Amino acid sequence: MAQSDLLVASWCKSVKSLPANYIMPPELRTTDFSVSKDIPVLDLEQDSGNGRSTLVQQIIKASEEFGAFQVINHGVSDDLMHETMRVYEEFFSMPVDDHESLLSDDFFKSVRFYTSGYSYANEEVHLWKDSLKHPACAHPLDAVVQGWPNKPERYRDVITKYSVEVNKLNHRILDLICEGLGLEHGFFRGELSKVMGMVINNYPPCPEPSLALGLHAHCDPYTLTLIQQQVYGLQIKKRGQWIGVDPIANAFIIMIPYQLQVISNGKLSSCEHRGVTNSDTARISIVTFCGPSDESIIGPAEELVSASNPPRFKTYKCSDFLMNYLDHLSKRKLSNETALGPYLL
Ligand code: OGA
Ligand code: NI
């Protein structure tokens, strides 16, 4: 079948029940779609003057307890966030012919429009989503923009602005985390946040949300993840319990990925999360992340290990970690095994 016919958005309106190859095994389903108000919402305007040390403490506490928090007054304008969401609503509702050249089932393509998980062909059960991924842009004249979609017409213009602004926020939060961990100024600038990318997920309305899944439980393999959403669908796991993230207007959700857990020697927890669907409203999530370059060597920061606090993780090359991570995803087990398994000490 053609890639374009596999996209959930291209056929979901014509089905009244979930196709058999989208029905998750019972252990992976969810019946709890409630939203929690427990996940901290932090005001980044406190950042200046006396409020800074309070903010740093709040960020570290939330990253230890939840591996996630939301931020408001973060400096990315409401208009830009709104316009970006509009661009993606248009992108996902355009005729597929307009995106034919972007469709691919090859995980390693840097720009890719695809359905379900990282390899549709190798999955037994599919996810109720379509996704677009591409590198993010750090400078207004970045060459990566040439590989991006060019429809809707304002795509490159709007997403360039968005990606530059959100990457600034990404770095600003990493600097606050750096301060909170007591690492030298600028620790995360450079190699550890060099690779920047975006993944935009579209979850069309689903006829049977309690049988389906939008996105499997996972932790991200990056250094920091930021998510924009306006419809509920993201759940995070805290002490074995799934909790729903409240979609707050114009906030960003910040999640701690694996690399930050390792660098902090386990002080910060990586956030396990998944996507659930709903039957009424399409949901789009805009994920912007930064991560280490393939060549980077990652391990617990020297400043954070001592005789009384020995390293809890091995040191590894980032590209090796990513290969293991993919292997882990492809052998998806029902157990709670973590992709950090091979690196635990
Ligand atoms: C991801 C992700 C969350 C969401 O793409 O890695 O976690 O809400 N997305 O779609
Ligand atoms: Ni994720």
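A residue counts as buried when its relative accessible area is under 20%. Keep that cut-off in mind as we walk through this structure, which is a predicted model.

Let's begin at the metal. His218 and Asp220 both pass the test: they are buried. These two residues also help hold a nickel ion, ligand 2. The protein donors are NE2 of His218, OD of Asp220 and NE2 of His273, and they lie 2.1 Å from the nickel. If you follow the donors along the chain, their spacing reads H-x1-D-x52-H.

Now slide along to strand β8, which covers residues 224-229. How many of its six residues are buried? Six of the six are, so the strand is largely enclosed by the rest of the structure. It helps to know that side chains in a regular strand alternate between the two faces of the sheet. In β8 you can check each face in turn: Leu224, Leu226 and Gln228 sit on one side, Thr225, Ile227 and Gln229 sit on the other, and all of them are buried.

What about the neighbours of β8? Strand β13 (residues 283-291) runs antiparallel to β8 and is joined to it by six bridges. Look for Ile227 here, as its bridge partner in β13 is Val287. Strand β11 (residues 252-255) is antiparallel to β8 too, with three bridges between them. This time, try Thr225, whose bridge partner in β11 is Met255.

Next up are the greasy parts. Nonpolar side chains tend to be buried together in soluble globular proteins. The largest nonpolar core here has 72 residues, and the members that touch the most others are Tyr88, Ile177, Phe188, Leu224 and Phe252. Helix α5, residues 155-181, is the biggest giver, with 13 residues in this core. There is also a second, separate core of 16 residues, and among them are Tyr222, Ile227, Ile236 and Val287. Yes, that's the Ile227 and Val287 bridge pair again.

Want to zoom in on one core member? Leaving out residues up to four places away in sequence, Tyr88 touches Leu132, His134, Tyr155, Ile159, Met198, Ile200, Ile284 and Ile286.

Finally, go back to α5 and find helix α3 (residues 51-65) against it. The axes of the two helices come within 9 Å and cross at roughly 90°, which makes α3 roughly perpendicular to α5. On the α3 side, the contact is made by Arg52, Leu55, Val56, Ile59 and Ile60. On the α5 side, Leu176, Ile177, Glu179, Gly180 and Leu181 make it.

Conventions:
Residues numbered from 1 in each chain as written. Chains lettered and ligands numbered in written order. Predicted model: local features only at pLDDT ≥ 70, side-chain atom pairs only at ≥ 80, totals over all residues. Heavy atoms only, no water. Core = buried A, V, L, I, M, F, W, Y, C linked by side-chain atoms within 4.5 Å. Buried < 20%, exposed > 50% of the residue type's maximum accessible area, 1.4 Å probe, protein only. Helix = DSSP H or I, 4+ residues; strand = E, 2+ residues; numbered from the N terminus. Contact = heavy atoms within 4.5 Å. Pairing = 2+ DSSP bridges. Donors = N, O, S within 2.8 Å, 3.2 Å for Na, K, Ca; no water. Axes fitted to C-alpha atoms, helices over the stretch in contact; angles between N-to-C directions. Parallel < 35°, antiparallel > 145°, perpendicular 65-115°, else oblique.
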